[in-house]
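User: Hi! I would like a close look at one part of this protein, with enough of the surroundings to place it. Here is what I have in front of me.

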Amino acid sequence: MQPQDALVLQDLQHDYDTLRAVDGVSLSVKAGEVVCLVGPSGCGKSTVLRLAAGLEPLQKGRVAMRGETVGDPERRVRVPPERRHIGLVFQDFALFPHLTVGANVAFGISHLPAAARMTRVHETLRQVNLEHYIDAYPHALSGGQQQRVALARALAPEPSVLLLDEPFSGLDERLREQVRDDTLGLLRRNGTAALLVTHDPEEALFMADRLYLMRAGKVVQSGPPQELYFRPVDRFVAEFFSRINELRGVVRDGWVESPLGRLPASGRAEGAALTIAFRPEAARLGPADGMIGEGPALTAIVQDTHFLGTGWVVHVLASDLDGAEVELAVRLAGRPPQAGQTVRLQVPPEAIFLFAEA
């Protein structure tokens, strides 16, 4: 284990009766790093967080913080949550309604002398721009303010690792963007190691230095956000982060025959049926009788266009490998072609994914 690892989880396994909720999950969070554990609802990500925090008894595997083992059932090690030097932030904020904002933040630092405790409360509330609300009660605050109080309370003891479980999901969309932006800035300024659980792919891409994407209790792929987005290992990973367009392809003589033309087969078996996928923002549209750059292309007919403020979504109709009609979506920043117009759709080679056909 490297000394800079603030949190290490090794081969965690957890069952609820006959359901295996966590199946061999390993991950690490380095000092000052924000790591996101992301995946669809029910994939086991919140259970992983609870095992890291010690809120669930560890059935198999190992949890270490700052180089010290805090959970290992084989060695009968189980350090309670209050001794793991962690901060916790949950979706419902879990503020004490009968305590003021200042008292909520001071709750986890009662071991400090009174003067030092109040100094720390003021410092932490100043970091989240709520120092003037120190005597207010939680019910008098907005949802975004309550979330910032919960964050301040978790950071006040200066934890080695901050664990956040869907902390922004209870906020409306516009407020959620602002609060998570503020939270990320605060974590960066403090150099706090954080493990964030979320089901929101956009949030994960925005927040994380590294991602661990889960499905059915297992980590499917991990790495920097750009790696999962641009180099997904399978269709599930590709589809999780955005809509994808799909076409059929077949490997012939070392190439993939497809509606986009011949593509490199990348060592695929002869005769293998493949799904050719690309994201809507990767495609480009141009005149039917011209090319708009390098890359495979096909002819399509514009069906409709939809304005999104930041650009357009254009739906086009093309022919698949077997001649069947297939609808494809393209995201454009500029003015779109008109419905009924014949266009040339082109995709850069590096933006094309090849997956084994299900």
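Is phenylalanine 96 buried, exposed or partly exposed? Please start there, go through the aromatic rings, and then show me how the rest of the chain frames them.

Analyst: Happy to take you through it, and please keep in mind that this is a predicted model. Phenylalanine 96 has a relative accessibility of 26%, so it counts as partly exposed; the cut-offs that matter here are under 20% for buried and over 50% for exposed.

Now to the partner of that ring. Phenylalanine 96 and phenylalanine 107 form an aromatic pair, with 4.7 Å from centre to centre. Their planes make an angle of 50°, and the pair is tilted. Phenylalanine 96 belongs to the loop between β7 (86-90) and α2 (101-106), while phenylalanine 107 belongs to the loop between α2 and α3 (114-127), so the pair ties together parts that are 11 residues apart in sequence.

A second tilted pair is worth setting beside it. In phenylalanine 236 and phenylalanine 240 the ring centres are 6.2 Å apart and the planes meet at 40°, so this pair is tilted. Both residues sit in helix α8 (residues 235-241), and because they are 4 residues apart there, about one helical turn separates them. The general rule behind this is that an α-helix has 3.6 residues a turn, so residues three or four places apart point the same way. Phenylalanine 236 and phenylalanine 240 are buried. Ring pairs also bring in Phe241, giving a cluster of Phe236, Phe240 and Phe241. Over the whole structure, a search finds 6 aromatic pairs.

Charged groups join the rings as well. Arginine 215 places its charged end over the ring of phenylalanine 236, at 4.5 Å from the ring centre. Elsewhere, the charged end of arginine 279 sits over the ring of tyrosine 229, and here the distance to the centre is 4.0 Å. As for charge in the chain as a whole, there are 37 positive and 44 negative side chains, and the centres of these two sets lie 5 Å apart.

Let me step back to the frame around these rings. The protein chain has 8 helices and 21 strands. Its C-alpha atoms fill a box of roughly 75 × 50 × 35 Å along the principal axes. Of its 358 residues, 50% count as buried. The chain exposes about 17100 Å², with carbon and sulfur atoms supplying 49% of that area. Among contacts between residues at least 6 apart in sequence, 63% join residues at least 24 apart.

Helix α1 (residues 45-53) shows burial along a whole element: 7 of its 9 residues are buried, so it is largely enclosed by the rest of the structure. The buried residues there are Lys45, Thr47, Val48, Leu49, Leu51, Ala52 and Ala53. Just after α1 comes glycine 54, with a positive phi of about 85°.

Positive phi values also turn up in residues other than glycine. Aspartate 11 has one of about 50°, and its place is in strand β1 (residues 5-16). With a relative accessible area of 39%, aspartate 11 is partly exposed. Glutamate 166 has a phi near 50° and lies in the loop between β8 (161-165) and α5. At 11% relative accessibility, glutamate 166 counts as buried.

Helix α5 (residues 173-190) includes asparagine 190, which is partly exposed at 32% relative accessibility. Leaving aside neighbours within four places in sequence, asparagine 190 is in contact with Gln127 and Leu155. The C-alpha atoms of asparagine 190 and glutamate 158 are 9.1 Å apart, although 32 residues separate them along the chain.

For an exposed site, look at arginine 335, in the loop between β19 (325-332) and β20 (342-346). Its relative accessible area is 79%, so arginine 335 counts as exposed. The C-alpha atom of arginine 335 is 9.7 Å from that of phenylalanine 307, and the two residues are 28 apart along the chain.

To come back to where you began: phenylalanine 96 is partly exposed and forms a tilted pair with phenylalanine 107, whereas phenylalanine 236 and phenylalanine 240 are buried.

Definitions and conventions: Residues numbered from 1 in each chain as written. Predicted model: local features only at pLDDT ≥ 70, side-chain atom pairs only at ≥ 80, totals over all residues. Heavy atoms only, no water. Helix = DSSP H or I, 4+ residues; strand = E, 2+ residues; numbered from the N terminus. Buried < 20%, exposed > 50% of the residue type's maximum accessible area, 1.4 Å probe, protein only. Contact = heavy atoms within 4.5 Å. Areas by Shrake-Rupley, 256 points an atom, 1.4 Å probe, with all protein chains shown as cover. Lys, Arg positive; Asp, Glu negative; His and termini not counted. Charge placed at Lys NZ, Arg CZ, Asp CG, Glu CD. Phe/Tyr/Trp six-rings, centres within 6.5 Å; stacked < 30°, edge-to-face > 60°. Lys NZ or Arg CZ within 6 Å of the ring centre and 35° of its normal.
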